[in-house]
Amino acid sequence: MSHREIEVVRLLAEGRSNRAIAESLYLSEATVKTHLVRVHRKLRVDNRAAAVSAAVRRGLLELT
(Lines give C-alpha, C1' and ligand atoms only; values in the text may rest on other atoms or scores of the structure.)
Protein backbone atom coordinates (compact mmCIF):
# COMPACT_ATOMS: atom_id res chain seq x y z
CA MET A 1 0.00 0.00 0.00
CA SER A 2 1.11 3.55 -0.63
CA HIS A 3 2.13 5.91 2.14
CA ARG A 4 -1.03 7.95 1.56
CA GLU A 5 -3.26 4.88 1.76
CA ILE A 6 -1.67 3.95 5.08
CA GLU A 7 -2.30 7.51 6.33
CA VAL A 8 -5.95 7.16 5.35
CA VAL A 9 -6.23 3.84 7.22
CA ARG A 10 -4.53 5.36 10.27
CA LEU A 11 -7.14 8.12 10.38
CA LEU A 12 -9.86 5.54 9.78
CA ALA A 13 -8.61 3.70 12.86
CA GLU A 14 -9.15 6.90 14.85
CA GLY A 15 -12.79 6.77 13.83
CA ARG A 16 -12.69 9.74 11.49
CA SER A 17 -15.24 10.26 8.76
CA ASN A 18 -14.27 10.65 5.11
CA ARG A 19 -14.79 14.40 5.47
CA ALA A 20 -12.52 14.58 8.53
CA ILE A 21 -9.85 12.50 6.79
CA ALA A 22 -10.04 14.79 3.76
CA GLU A 23 -9.65 17.88 5.91
CA SER A 24 -6.70 16.39 7.83
CA LEU A 25 -4.84 15.42 4.67
CA TYR A 26 -5.90 18.43 2.57
CA LEU A 27 -7.69 16.22 0.05
CA SER A 28 -11.15 16.17 -1.43
CA GLU A 29 -13.67 13.66 -0.10
CA ALA A 30 -13.69 12.06 -3.54
CA THR A 31 -9.95 11.44 -3.30
CA VAL A 32 -10.38 9.88 0.14
CA LYS A 33 -13.08 7.60 -1.26
CA THR A 34 -10.74 6.58 -4.08
CA HIS A 35 -8.01 5.74 -1.57
CA LEU A 36 -10.49 3.68 0.45
CA VAL A 37 -11.60 1.72 -2.62
CA ARG A 38 -7.97 0.89 -3.33
CA VAL A 39 -7.28 0.00 0.31
CA HIS A 40 -10.29 -2.34 0.38
CA ARG A 41 -9.15 -4.00 -2.84
CA LYS A 42 -5.53 -4.40 -1.74
CA LEU A 43 -6.46 -5.76 1.69
CA ARG A 44 -9.32 -7.85 0.25
CA VAL A 45 -11.90 -6.47 2.66
CA ASP A 46 -15.28 -4.87 2.20
CA ASN A 47 -15.68 -2.42 5.07
CA ARG A 48 -13.83 0.15 7.15
CA ALA A 49 -13.44 -1.96 10.30
CA ALA A 50 -12.07 -4.90 8.33
CA ALA A 51 -9.59 -2.60 6.60
CA VAL A 52 -8.21 -1.39 9.93
CA SER A 53 -8.07 -4.94 11.29
CA ALA A 54 -6.29 -6.25 8.19
CA ALA A 55 -3.80 -3.37 8.26
CA VAL A 56 -2.94 -4.11 11.89
CA ARG A 57 -2.58 -7.86 11.21
CA ARG A 58 -0.24 -7.16 8.30
CA GLY A 59 1.91 -4.80 10.35
CA LEU A 60 0.97 -1.75 8.31
CA LEU A 61 -0.57 0.01 11.28
CA GLU A 62 0.04 -0.05 15.01
CA LEU A 63 -2.76 0.76 17.39
CA THR A 64 -1.70 2.48 20.58
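# Exercises on a four-helix chain

The chain exposes about 4,200 Å², and carbon and sulfur atoms supply 49% of that area (Shrake-Rupley method, 1.4 Å probe; for residues, only the protein chains shown count as cover). This is a predicted model, in which local features need pLDDT of at least 70 and side-chain atom pairs count only at pLDDT 80 or more, while totals for chains, interfaces and linings use all residues. Residues are numbered from 1 along each chain as its sequence is written, and side-chain values use heavy atoms, with hydrogens and water left out.

## Exercise 1: The whole chain

Task: Describe the secondary structure and the overall dimensions of the chain.

Solution, step by step:

1. Start with the helices and strands (DSSP runs, H or I of at least four residues for helices and E of at least two for strands, numbered from the N terminus). The chain has four helices and zero strands.
2. Now read along the sequence: the pattern is α-α-α-α.
3. Next, take the radius of gyration (over C-alpha atoms; the globule rule is 2.2 Å times the number of residues to the power 0.38). The chain has a value of 10 Å, close to the 11 Å that the rule gives for 64 residues, so it is as compact as a globular protein of that length.
4. Add the dimensions: the C-alpha trace spans about 30 × 25 × 20 Å along its principal axes.
5. Finish with burial (buried is under 20% relative accessible area, exposed over 50%, partly exposed in between, with a 1.4 Å probe and protein chains only). Of the 64 residues, 34% count as buried.

## Exercise 2: Helix α1 and its partners

Task: Find which residues of α1 are buried, and work out how α1 lies relative to α3.

Solution, step by step:

1. Helix α1 covers residues 3-13, and its buried residues are Glu5, Glu7, Val8, Val9, Leu11 and Leu12.
2. Look for what they touch (contact means heavy atoms within 4.5 Å). These buried residues pack against α2 (18-25), α3 (29-43) and α4 (48-57).
3. Here is a handy idea: two packed helices are described by the angle between their axes and the distance between the axes.
4. Apply it, using axes that are lines fitted to C-alpha atoms, for helices over the stretch in contact, with angles from 0 to 180 degrees between N-to-C directions. The axes of α1 and α3 come within 10 Å and cross at roughly 95 degrees.
5. Compare with the angle classes (under 35 degrees roughly parallel, over 145 roughly antiparallel, 65 to 115 roughly perpendicular, the rest oblique). The two helices α1 and α3 are therefore roughly perpendicular to each other.
6. Name the residues that meet: Arg4, Glu5, Val8, Val9 and Leu12 from α1, and His35, Leu36, Arg38, Val39 and Lys42 from α3. They divide into five nonpolar, one polar and four charged (Ala, Val, Leu, Ile, Met, Phe, Trp, Tyr, Cys and Pro count as nonpolar, Asp, Glu, Lys and Arg as charged, and the others, Gly among them, as polar).

## Exercise 3: Positive phi angles

Task: Locate Tyr26 and Arg44, and give the phi of each.

Solution, step by step:

1. Tyr26 sits in the loop between α2 and α3. Its phi is near 55 degrees, a positive value in a residue other than glycine.
2. Tyr26 is exposed, with a relative accessible area of 77%.
3. Arg44 belongs to the loop between α3 and α4, and its phi is near 55 degrees, positive in a residue other than glycine.
4. Arg44 is exposed, at 76% relative accessible area.
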